[in-house]
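Q: I'm new to this one and would like a close look at a single part, taken slowly. Could you start with how the strands are put together, and then bring in the ligand?

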Amino acid sequence: MKRVSMCLLIAGLLAGCGAGSGEGLDEQGLPQSGNGNGNGGNDTPPEPGTLAQLQADIFSPICAQCHTGGAAPEGLRLDSEQSSYDSLVNQPSGQQPSLLRVAPGDPEASYLLRKLEGADGIDGGQMPLGMSPLSATRIAQVRDWIENGAPREGVGESPTSIALQSHLSEPGVATLRFSRPVSAESLSDAVQVYFHNDGQRVLASPEQYALSLQDGQQLRVHWHRPDYPVTAVEVVVNDPAVATLLDQQHRVLDGDRDRTEGGLFRHEISF
Ligand code: HEC
């Protein structure tokens, strides 16, 4: 009932159910798994963003072909949720002991992510060894889990934050990724774009850029260059003086990554 009325309401505003029209999505655009279907049994697919989901989607089917049992490479066992947790979170890498395999809240410092991305400076090969690399979406799933504090159960208590998806985005586009789905309604007020020109900072008008949100988590900011010379574009999110961004639990975004709600996020692209 509630879903239908929400849909009609949004339909009235946007002339269509828009992105929410995908089947199997609830009113927040999340897949309708587990919640509210009365199925408390073990057949329920794991929630997105949890270790259970990483185990089911990545570690068991792919990595545990090698990372299993007592002879697992580097002693890293990924053959069950518990062994993955025990051998990843806050455990030093065997290859680079000054780094943790998973540093909760800090994807960039986590050796696991570097091995999945095939980053510069890793020892040995990109994982999964000798196979095609994981898709960007799968790697992002791992990143989100680490960003959210690498919880053993659930999606973690730390507030939703932003990780830059890629430094190599297409011209005219900045791509940001939230660690959990955010509320699309609060987005347009909570994002500002500024153009820099000879030391001046000019607020872009709404016609000069467009926002698009995929899966509630990936935001593309697409701007049109104005007709004056621009030295940099700045994207600001969650400026407390303007408007804050909410996630789907109605919690304010952690913009400055201090692991508490609130704070401004700024991303500047210079030309
Ligand atoms: C075909 C076998 C194989 C598969 C599949 C595989 N690995 Fe590995 N992994 C290895 C070997 C061998 C090493 C050590 C040599 C190297 O790094 O190249 C290793 C090393 C690692 C390390 C470094 C451990 C440390 O402590 O420094 C990580 C992290 C890792 N693998 C994660 C994964 C993940 C995650 C997957 C699944 C996406 C995966 N591996 C799939 C064989 C494999």
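**Strands, then the ligand**

A: Let's start with a pair of strands: β3 (residues 191-197) and β4 (residues 200-203) run antiparallel, joined by 4 bridges. Keep in mind that you're looking at a predicted model. To see how these two strands line up, find Tyr-194, whose bridge partner in β4 is Leu-203. β3 and β4 make a hairpin, with 2 residues between them. In that turn sits Asp-198, which has a positive phi of about 50°.

A second hairpin is built from β5 and β6, this time with 3 residues between the strands. Again there's an Asp with a positive phi in the turn: Asp-215, at about 55°. Strand β5 covers residues 209-214, and its antiparallel pairing with β6 runs over 6 bridges. One match to look for here is Leu-213 with Leu-219 in β6.

Now follow β6 (residues 218-223) across to another partner, β2 (residues 173-178). These two are antiparallel as well, and 5 bridges hold the pairing. Two matches help you get the register: Arg-177 stands opposite Gln-218 in β6, while Ala-174 has Val-221 in β6 as its bridge partner.

β2 has a further neighbour, the short run β1 (residues 162-164), which is antiparallel to β2 and joined to it by 3 bridges. Here Arg-177 turns up again, since Ala-163 stands opposite Arg-177 in β2. So Arg-177 is a handy landmark: it faces Gln-218 in β6 and Ala-163 in β1.

How much of β2 is covered? 6 of its 6 residues are buried. You can check this one face at a time: Val-173, Thr-175 and Arg-177 are buried on one side, and Ala-174, Leu-176 and Phe-178 are buried on the other.

With the strands in place, move to the ligand. It's surrounded by 24 residues, and the closest are Cys-63, Cys-66, His-67, Lys-115 and Met-127. By type, the shell splits into 14 nonpolar, 6 polar and 4 charged residues. Helix α4 (residues 111-117) gives the most to this shell, with 4 residues.

The ligand holds an iron atom, coordinated by His-67 through NE2 and by Met-127 through SD, at 2.0 to 2.3 Å. The iron has 6 donor atoms, with angles of 86 to 179° among them, and the site is octahedral. His-67 belongs to the loop between α2 (51-59) and α3 (81-88), and Met-127 to the loop between α4 and α5 (136-147), so the pair ties together parts that are 60 residues apart in sequence. Their surroundings are described by two values: His-67 is buried, at a relative accessible area of 11%, whereas Met-127 counts as partly exposed, at 21%.

A few polar contacts round out the picture. A nitrogen atom of the ligand is 2.8 Å from an N or O atom in the side chain of His-67. Two oxygen contacts are worth finding as well: an N or O atom in the side chain of Lys-115 is 2.6 Å from an oxygen atom of the ligand, and a polar side-chain atom of Arg-101 lies 2.8 Å from an oxygen atom of the ligand.

How values were computed:
Residues numbered from 1 in each chain as written. Predicted model: local features only at pLDDT ≥ 70, side-chain atom pairs only at ≥ 80, totals over all residues. Heavy atoms only, no water. Near = heavy atom within 4 Å. Polar contact = N/O pair within 3.5 Å; in protein donor to acceptor, adjacent residues only side chain to side chain. Nonpolar A, V, L, I, M, F, W, Y, C, P; charged D, E, K, R; others polar. Donors = N, O, S within 2.8 Å, 3.2 Å for Na, K, Ca; no water. Tetrahedral: all angles 85-135°; square planar, octahedral: opposite > 155°, others 65-115°. Buried < 20%, exposed > 50% of the residue type's maximum accessible area, 1.4 Å probe, protein only. Pairing = 2+ DSSP bridges.
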